[in-house]
Amino acid sequence: MTSVELRNVVAGRPVDGRRTFPKHSPVDGALVAQVHEAGPEVVDAAVAAAREALAGPWGSLPVGERATVLRRVAERIEARFEDFVAAEVRDTGKPEHLVRQLDVARAALNFRSFADTIAAQGLDAYLTDLADGRQALNYAVPKPLGVVAIIVPWNLPLLLLTWKVAPALACGNAVVVKPSEETPSTATLLAEVMAEAGVPDGVYNVVHGFGPDSAGELLTTHEGVDGVTFTGESRTGSAIMRAVAPRVRPVSFELGGKNAAVVFADCDLERTLDGLTRSIFLNTGQVCLCTERVYVERSIFDRVVDGLAERARALRLGRPDAEGTTTGPLISRQHRAKVQSYLDLAIEEGAKVVVGGGVPELGEDLRDGAWIEPTLWVGLDNSSRVVREEVFGPVAALIPFDTEEEAIRLANDTDYGLAAAVWTTDLERGHRVAQQMRVGMAWVNTWYLRDLRSPFGGVGLSGIGREGGTHSLHFYAEPTNVCVQL
Ligand code: NAD
């Protein structure tokens, strides 16, 4: 694999950083890129470029034309689909088919969806009856937030980035994005697509680097940033909140999860087992929505354990382009060390390993990758740290329950609150239990099925605010209410 050099992008131009850092493939440890880390000067320049773009033609572009630009971005992503696939695969090591179906396809859809949302957006207006018989007209004029900092993680790099860039641009903002140090490629490529689609220079800027003492912190503490939207770990969200607090800037946070599945004895077992397999192991468990806790009604507990173990054993770990590969590596050796520490902890806490539990033997050429076995545990309960803390790997603890009330209590017994899935053929029960989940998103008989207009986000440690459709507009646009006495 030949390595590439990735630079920051400021006002449409590539800019060197204060130093470069290497990015290695999680598949085999090969060097895939040298990345230019943005220091204070580059971050200053990126924020200034975004501010300048707001003062230029972008700042006064009519909504309909902004929507047209977003649709062109979607078309250009599709035109360069294979470039994006190659870049994402190189950084993440995910199976190619997954990147095609999930990551890159969703990136184009994100731009189309927010083009539709903004084009259909009306005004929030009220005709107010006054005591003297007269009336007042209230209407709220949406305005861009300004310069928006967008900081995203490595698990779905392009998907999560465009999920924020699209609504930010739809609302007329200019952005400075900081992709994860682990996945710098697609954000850089997106800058080329922005230019091809006619997005003015400075509307989309990219700064590369790490969090603390690097581009991330420089951005969140920057005077010129009007709002921060972030996806990543809850702990990082807390640090960013502290960083923006002195200047009282708005934040939107999509954070970690420790998501539960609740499986009732009346479920369609085959469908449930297929759904659970996907929800535990998709993207090697590195989706914020992934299930790490599975509560199963006792009468079918053994059948669920056996069925899931069989499916976990059938997963094929391998190179992204190898035929039949279902599962890639973790993102890095560093992340694997964290996941391994939970595999060890599970044993200390009394878990019985049903399947997996270690580092797989995949041959000499993959020895320097970040591979881990899909793992299932029984014998743990909610008091265990492994059941309470987010692992962010292909792991789940299976725990039996006896009553619906107990299942709800166990599922809600967490500091997180991102997502849950309920598996049952009793639809009344499905609605009843799903509504009682203390989460942002609850699915019944499915998982990760999304309508991009619906609210996405979490409660508790899982986040602040909701994004998706008009919900995103609440963050990326600031209304000025005008009240006219008639
Ligand atoms: P992370 O918090 O370590 O890093 C995310 C981004 O923040 C990276 O770009 C990183 O460089 C930057 N960053 C780190 N420290 C920073 C700081 N102090 N100031 C500014 N920026 C900083 O998360 P990660 O390991 O990249 O991603 C995995 C996490 O993301 C998991 O917890 C997962 O659940 C979460 N996640 C949540 C959602 C959601 O929608 N709720 C989606 C995907 C991932």
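Start by selecting strand 4 (19–24), helix 7 (215–220), strand 11 (227–231), helix 8 (234–244) and helix 11 (333–348). Each of these elements supplies at least two residues of the lining of the largest pocket. Keep in mind that this is a predicted model.

Now look into the space itself. The largest pocket holds about 1,200 Å³. Its lining counts 45 residues, and the closest to the pocket's centre are Trp-154, Ser-180, Glu-181, Glu-182 and Glu-233. Show those five as sticks.

Next, colour the lining of the largest pocket by class. You should get 19 nonpolar, 16 polar and 10 charged residues.

Then colour by domain. Domain 1 covers 4–255 + 461–485, and domain 2 covers 259–451. Where does the largest pocket lie relative to them? It lies between the two, because both domains give residues to its lining.

Move on to the second largest pocket, with about 530 Å³ of space. Select Gln-121, Pro-142, Lys-143, Leu-473 and Ala-477: of the 19 residues that line this pocket, they are the closest to its centre.

Which elements frame the second largest pocket with at least two lining residues each? Select helix 2 (63–79), strand 7 (135–144), helix 15 (469–476) and strand 21 (477–485). Strand 7 gives the most to this lining, with 4 residues.

Finish with the class colours again. The lining of the second largest pocket has 10 nonpolar, 5 polar and 4 charged residues.

Note on methods:
Residues numbered from 1 in each chain as written. Predicted model: local features only at pLDDT ≥ 70, side-chain atom pairs only at ≥ 80, totals over all residues. Heavy atoms only, no water. 1 Å grid on protein atoms, 1.4 Å probe; cavity = no way out; pocket = protein on both sides within 12 Å on 5 of 7 lines; lining within 4 Å. Points joined across faces, edges and corners; volume = space filled by probe spheres on them. Nonpolar A, V, L, I, M, F, W, Y, C, P; charged D, E, K, R; others polar. Domains from an automatic or database assignment.
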